[in-house]
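Reader: I have a structure on the screen and do not know how to read it. Can we take it feature by feature?

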Amino acid sequence: MALRPIGNALPTTTPERPKKQPKIAVATQKQQDRDAVINDENQVPLPSSGDATVDYVSSDNLKPLSDPEVRIQSLIEDLDSKNWIKVCESLNNARRFALFHSSLLLPILGNIVLVVAKTMRNPRSALCKTAIMAAADIFNASGDKLLDPETSDAFDGLLLQLLLKASQDKKFVCEEADRALGSMVSSMTPLPLLQKLRVYVSHKNPRIRAKAAVSLSNCVSKMVVEEMEQFGMAELIEVAADLVNDRLPEARDAARSIATAVCEALTKDKEQKMELWQSFCQSKLQPIHALSILKIVKP
């Protein structure tokens, strides 16, 4: 029997509740610009209101201090300030001391190098880059004085920080560190610096290893035959053999350069150059390493 519709029956469907509209946060153009920079770690960060006073001054544009005898008294304290803008200003003052008042800086050079290396570890890019620029000026002004016993340990820490910064992903920091390492090599005697760098060409971090290899190769290119013999031709070719199959092309190129320098030094003014070079490599290296070197370098 068919059922009759009941007039007051409940509707079979219920009306949908209106959906809540999502709240849309409208970012300001300024915030959008900052987000774009944060997402690109190779771009120089846009300055915030606190960064506006920071200026990266090239060495050529630095001027002597008008009162260096007064400023030197508080330089270390100012470099260790909690106010990062003041630290940046003090780093630039340290650069001025290095370039124009080096005799005043020399008695506290070791302490200055320690503070500069410490500042490179700061996550704020403005501080890090300014500290690297300070290191370059200190290298150019002080040279081999950094290898003296009273500053040698501080220099070791600075060298490690530069290799670390040259190996990181922030391009503008990496490039500044590369320039500082170049200043270091050009301003110091190759042999003692080579002995410092030797430790890092076997570092477990491939980027640090590669950066150290490049600096070591640049040192070797400055050396005369007597200096290479003093360091050890056998040790140099072992360094090259260790790097020739490295993961990074920078390290492999450095290996080729080192091996070429050794080959040229050994075979200069000699007859039967190929036989001499082959005999040297086979006597100093394991067969597989000797073969790798002989493949890439021939007299």
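**Reading a helical chain**

Author: Start with a helix: six of the eight residues of α10 are buried, so α10 is largely enclosed by the rest of the structure. The model you see is predicted.

Reader: Which residues of α10 are buried, and what do they pack against?

Author: Buried means under 20% relative accessible area. In α10 the buried residues are Pro190, Leu191, Leu193, Leu194, Lys196 and Leu197. They pack against α8, α9, α11, α12 and α13.

Reader: What does the chain as a whole contain in helices and strands, and how much of it is buried?

Author: There are 16 helices and zero strands. Of the 299 residues, 43% count as buried. You can also ask how far along the sequence the partners in a contact lie. Among contacts in the chain with a separation of 6 or more, 68% are between residues 24 or more positions apart.

Reader: How do I check the length of a helix, say α11?

Author: Count the residues and allow 1.5 Å for each step between them. Helix α11 runs over residues 206-222, 17 residues, and should span 24 Å; its end C-alpha atoms are 25 Å apart, which agrees.

Reader: Is α11 largely enclosed or largely open?

Author: Twelve of its 17 residues are buried, so α11 is largely enclosed by the rest of the structure. Among the buried ones are Pro206, Ile208, Leu216, Cys219 and Val220. Charged residues appear in that list too, including Arg209 and Lys211. The cover over the buried residues of α11 includes α8, α9, α10, α12, α13 and α14.

Reader: What happens at the start of α11?

Author: Look for a side chain that reaches a backbone atom. Here a side-chain oxygen of Asn205 comes to within 2.9 Å of the backbone nitrogen of Arg207.

Reader: What does the side chain of Ser292 reach?

Author: First find its place: Ser292 lies in helix α16, residues 287-296. Ser292 is buried, with a relative accessible area of 14%. Its side chain reaches the backbone oxygen of Ile288 at 3.1 Å. An α-helix has 3.6 residues a turn, so residues three or four places apart point the same way. Leaving out residues up to four places away in sequence, Ser292 touches Val244 and Asn245.

Reader: Is Glu89 buried, partly exposed or exposed?

Author: Glu89, in helix α4, has 47% relative accessibility and counts as partly exposed. Separation in sequence and in space are two separate readings. Glu89 and Asp55 are 34 residues apart in sequence, and their C-alpha atoms are 9.1 Å apart in space.

Reader: Which residues have a positive phi although they are not glycine?

Author: Asp269 is one of them, with a phi of about 60 degrees. Gln272 is another, with a phi of about 50 degrees. Asp269 is in the loop between α14 and α15, and Gln272 lies in that loop as well. Asp269 is exposed at 71% relative accessibility, and Gln272 is exposed at 62%.

Reader: What lines the second largest pocket?

Author: For a pocket, read the volume, then the lining. The second largest pocket holds about 210 Å³ of space. Its lining has 13 residues, with Leu79, Asp80, Ser81, Lys118 and Asn122 nearest its centre. The elements giving two or more residues to this lining are α4 and α6. The largest share, three residues, comes from α6. By class, the lining has five nonpolar, four polar and four charged residues.

Note on methods:
Residues numbered from 1 in each chain as written. Predicted model: local features only at pLDDT ≥ 70, side-chain atom pairs only at ≥ 80, totals over all residues. Heavy atoms only, no water. 1 Å grid on protein atoms, 1.4 Å probe; cavity = no way out; pocket = protein on both sides within 12 Å on 5 of 7 lines; lining within 4 Å. Points joined across faces, edges and corners; volume = space filled by probe spheres on them. Helix = DSSP H or I, 4+ residues; strand = E, 2+ residues; numbered from the N terminus. Buried < 20%, exposed > 50% of the residue type's maximum accessible area, 1.4 Å probe, protein only. Contact = heavy atoms within 4.5 Å. Polar contact = N/O pair within 3.5 Å; in protein donor to acceptor, adjacent residues only side chain to side chain.
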